[in-house]
Amino acid sequence: MRTGTAVRPALSPLLVRMAARRATGALFGESGTLYLVDGRIVHAESPAAPGLDILLAAGGSLPAEGWREAIAQAGARREVGRFLVESGRLAGGELEICHLGALFDAAYFALAPGRGPVRFRHGAAHWLGPVRPVRVEAVERETRRRRALLEAVWPHPQVDTAPVVRRDRIRAPAVTRRQRAVLDLADGVRTAAEIARLLGRPAFHALLDIRRLAAAGHIETPRPGEAPPPPALPAWVADISDDPDVELLRRLRAALEAM
């Protein structure tokens, strides 16, 4: 007789604890960072996922110079998102939609098995500022859904981080326009993360296309153990200063240099 439903373990026990305490700060891990305000996630970053600036620029919503100006004008106040809306560069709904997409995309990698958040810094804040806080339960639920979807499409995660190698097969099934764009960038050197940045798409979308292409025989699937480790975190994440002002300046500088 069934006595109950097994409770699945949290993707990050540390994240769950900080949410329960309604903490404000940043969770740092090997694959990304999650920013919390009052126990809710307000932003996420990962070296494996394109940043909000890339997604906005690719969608034609905000040119690079507009992003640079917003950082210069409002970054020190941690109000870049608010500045973009109040200055008329973006509509509020437009920013929310794109930001949520970037948040869930980066959170998927930040909560990767064995590489999730390992330390919490109280009071750390992102220069974007809150846009639309998201409950931790919603982020974990979406992350699990995405993992299950990728597993169902092609249960070989090594294609996610290995260089994407295209196969020449005459009888391989036809591909969609989105998949063709991925194949055109598959040069045996670029990874899924690099292809996503070049296309200006969320990294998870690129992973899904790559797994579908691998399942169809268009892309090589490396043997387990061949895939390289995920990209290292930027220096401003790996080396956190005790001085929040110094930390903020490092992030602003890194963001400006990246542009």
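Colleague: Which residues does Leu 15 touch, not counting residues up to four places away in sequence, and what makes each one a contact?

Modeller: Leu 15 touches Leu 27, Leu 34, Leu 36, Ile 41, Leu 111 and Val 136, with residues up to four places away in sequence left out. Each counts as a contact because heavy atoms lie within 4.5 Å. This is a predicted model, in which local features need pLDDT of at least 70 and side-chain atom pairs count only at pLDDT 80 or more, while totals for chains, interfaces and linings use all residues. Residues are numbered from 1 along each chain as its sequence is written, and side-chain values use heavy atoms, leaving out hydrogens and water.

Colleague: What makes a set of residues a nonpolar core, and which residues have the most contacts inside the largest one?

Modeller: A nonpolar core is a set of buried Ala, Val, Leu, Ile, Met, Phe, Trp, Tyr and Cys residues joined through side-chain atoms within 4.5 Å. The largest such core has 43 residues, and those with the most contacts inside it are Leu 15, Leu 27, Leu 34 and Val 139. At least two residues each come from H1, S2, S3, H5, H6 (136-153), H7 (177-184), H8 (192-199) and H9. H9 supplies the largest share, eight residues. Apart from this core lies another, of 18 residues, including Leu 52 and Leu 128.

Colleague: Why is S1 called mostly covered?

Modeller: Buried means under 20% relative accessible area, exposed over 50%, and partly exposed in between (1.4 Å probe, protein chains only). Five of the five residues of S1 are buried, hence the description. Across the chain of 259 residues, 47% count as buried.

Colleague: How do you know that S1 and S4 pair?

Modeller: Strands pair if DSSP finds at least two bridges between them. S1 (residues 25-29) and S4 have five bridges in the antiparallel sense, so the criterion is met. Phe 28 stands opposite Arg 119 in S4, and Gly 25 opposite His 122 in S4. S1 and S2 are joined by four bridges, also running antiparallel; there, Ala 26 has Tyr 35 as its bridge partner. A hairpin of three residues links S1 to S2.

Colleague: What makes S3 and S4 the edge strands?

Modeller: The open sheet has the order S3-S2-S1-S4. S3 (40-45) and S4 (117-122) each pair on one side only. The strands belong to a total of 11 helices and four strands, where helices (H or I, at least four residues) and strands (E, at least two) are DSSP runs numbered from the N terminus.

Colleague: Why are H5 and H9 called roughly perpendicular?

Modeller: Axes are lines fitted to C-alpha atoms, for helices over the stretch in contact, and angles run from 0 to 180 degrees between N-to-C directions. Angles under 35 degrees count as roughly parallel, over 145 as roughly antiparallel, 65 to 115 as roughly perpendicular and the rest as oblique. The axes of H5 (residues 92-110) and H9 (residues 203-215) come within 8 Å and cross at roughly 65°; the two helices are therefore roughly perpendicular to each other.

Colleague: Which residues meet where H5 and H9 touch?

Modeller: Asp 105, Tyr 108 and Phe 109 in H5 meet Ala 203, Phe 204 and Leu 207 in H9. By class, five are nonpolar, none polar and one charged. Here Ala, Val, Leu, Ile, Met, Phe, Trp, Tyr, Cys and Pro count as nonpolar, Asp, Glu, Lys and Arg as charged, and the others, Gly among them, as polar.
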